[in-house]
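Good morning, everyone, and thank you for making time for this. Please have the sequence and the picture open while I talk, and stop me if I go too quickly.

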Amino acid sequence: MSARFFFRVRTGSFRSLALGEGENVIGRDPGLWLSLRLEGISRRHARVVPRAGAWWIEDMGSTNGTFVNGERVESEPLRHLDVVSLGRRTDLVFVVPGDARPAAARIARATLTRARDGVVVELQAGETMLGRAPECAAAALDPGVSDFHARLERSGRALVVEDLGPGTLVNGRPVSTAALADGDELSLGGLEAYRVAIEAEPDPASPETPRRPPDRSDPNATRYEWGPEERQAIADLRRSLGRLR
C-alpha cells in the first residue's frame, strides 16, 4: 500500500516522506517518523497507520488537534490529495501514486437493519458494539453469537467493522477488519445478519473552504484557515501531485 506525504511548512519549502509499515508517528519528540519542533505541535501529536485497506490518520491526544481538509478529526481514513494540518504552520499533503478515486463523501447517516426482524440500528459517530450482551446495539438473538462479537467505528467519512468473536462476514466473506459500503451484508458468524445503509453527502471541506471558523482563544491553536496566497499554493501543489502516477 504505497503512499507518502509531501510535507510543507507554510510560506516555506516542502519535502517528500514515504510512509513505513506499521505506525508512523508525527510530533515534537526526536526519533519519530516525522519530528517537527514547531509551534502548536504536541510531543506525540498524531500517527498514520494502515487499517481496513487504507491509511488512517489518528490524533494521539494532542493539545491543538489534527485536521483533515480543515476539519478536526480523531481517526479518519485518508484519500489521495487530502491535506493534514498540524500546529499553525504545517501542512501534509497525502499522496497515493496512481489513485484516481474521488474524495470520500461525508457520511450523513448510517444504519444497520437486522434481517431477522427488521429492527433498525442507528449508527452514531464513534463506536458501536454488536453481540448478545445487553450493552450492544439491538442485542443479537441467536445464542451462537458472542457477547461482544464485532465493533463498528463510524468516522466522518468511513464505517469500519472489526471482528471480535468467532467470525464476522461481509457479503459472505470472513474479515478481521473491513470498510463497509452502502448495501453490504454484515453477518455475525453466519448467525445474525444485517443490511448496511449509508447515506452520503458531498464533502465541502477543502483548503479553499474551511468547515468552521478557527478557535482564536489559543494563540498556539492549529491554524487551518488559509490566506489567498496560501490557498493558491495548496491548489497548485495538489494539481502537480495529482499528476503522479
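I will go through the sheets, then the salt bridges, and finally two single residues.

Before anything else, please keep in mind that what you see is a predicted model.

Let me begin with the strands. As a general background point, strands of a sheet pair through backbone hydrogen bonds, and they can do so either parallel or antiparallel. In this model there is an open sheet made of five strands, and if you read across it the order is S4-S3-S5-S6-S9, with mixed pairing. The strands at its edges are S4 and S9, the latter covering residues 75–77, and each of these pairs on one side only. If you look at the S9 edge, you will find that S9 pairs with strand S6, residues 54–59, in the antiparallel sense over three bridges. A useful place to put your finger is Trp-56, whose bridge partner in S9 is Pro-77.

There is also an open sheet of four strands, in the order S14-S15-S16-S19, and here the pairing is antiparallel. Its edge strands are S14 and S19, with S19 spanning 177–179, and again each pairs on one side only. From one strand to the next, the twist averages 20 degrees. At the S19 edge, three bridges join S19 to strand S16, residues 159–163, and the two run antiparallel; within that pairing, Val-160 has Ala-179 in S19 as its bridge partner.

Now please find strand S12, residues 106–114, which pairs with strand S21, residues 192–201, in the antiparallel sense over eight bridges. One of the paired positions is Arg-106, which has Glu-201 in S21 as its bridge partner. Strand S12 is also joined by three bridges to strand S13, residues 120–122, and these two run antiparallel as well, with Thr-111 standing opposite Glu-122 in S13. Together S12 and S13 form a hairpin that has five residues between its strands, and in the turn Gly-118 has a positive phi of about 75 degrees.

Let me turn to the charged side chains. How many salt bridges does the model have? The count comes to 18, and I will pick out a few of them.

In the first example I have chosen, the side chains of Arg-47 and Glu-23 meet, with a distance of 2.5 Å from N to O. Arg-47 lies in strand S5, residues 46–51, while Glu-23 lies in the loop between strands S2 and S3, so this pair ties together parts that are 24 residues apart in sequence. Arg-47 is partly exposed, with a relative accessible area of 27%, and Glu-23 also counts as partly exposed, at 40%.

The next example is Asp-29 with Arg-43, whose side chains meet in a salt bridge at 3.0 Å, N to O. Asp-29 is in the loop between S3 and S4, and Arg-43 is in the loop between S4 and S5, so the pair ties together parts that are 14 residues apart in sequence. Is each partner buried or exposed? Asp-29 counts as buried, at 17% relative accessibility, whereas Arg-43 counts as exposed, at 60%.

A further example is Arg-51 with Glu-58, where the closest N and O atoms are 3.0 Å apart. Arg-51 counts as buried at 19% relative accessibility, and Glu-58 is buried as well, at 11%. Some of these residues belong to a network of linked salt bridges, whose members include Glu-23, Arg-47, Arg-51 and Glu-58, and also Arg-44 and Glu-127.

Finally, here are the two single residues. Where along the chain is Val-145 placed? Val-145 sits in the loop between strand S14 and strand S15, and it is buried because its relative accessible area is 3%, which is under the 20% cut-off. Leaving aside residues up to four places away in sequence, Val-145 touches Gly-131, Arg-132, Ala-140, Leu-188, Leu-191 and Glu-192. The C-alpha atoms of Val-145 and Gly-189 are separated by 6.9 Å, although these residues are 44 residues apart along the chain.

Ala-18, on the other hand, is placed in strand S2 and counts as partly exposed, at 42% relative accessibility. With the sequence neighbours up to four places away again left out, Ala-18 touches Ala-3, Arg-4 and Trp-33. Measuring from C-alpha to C-alpha, Ala-18 and Val-95 are 9.5 Å apart in space, and they are 77 residues apart in sequence.

Conventions. Residues numbered from 1 in each chain as written. Predicted model: local features only at pLDDT ≥ 70, side-chain atom pairs only at ≥ 80, totals over all residues. Heavy atoms only, no water. Buried < 20%, exposed > 50% of the residue type's maximum accessible area, 1.4 Å probe, protein only. Contact = heavy atoms within 4.5 Å. Salt bridge = Lys/Arg side-chain N within 4 Å of Asp/Glu carboxyl O. Pairing = 2+ DSSP bridges. Axes fitted to C-alpha atoms, helices over the stretch in contact; angles between N-to-C directions.
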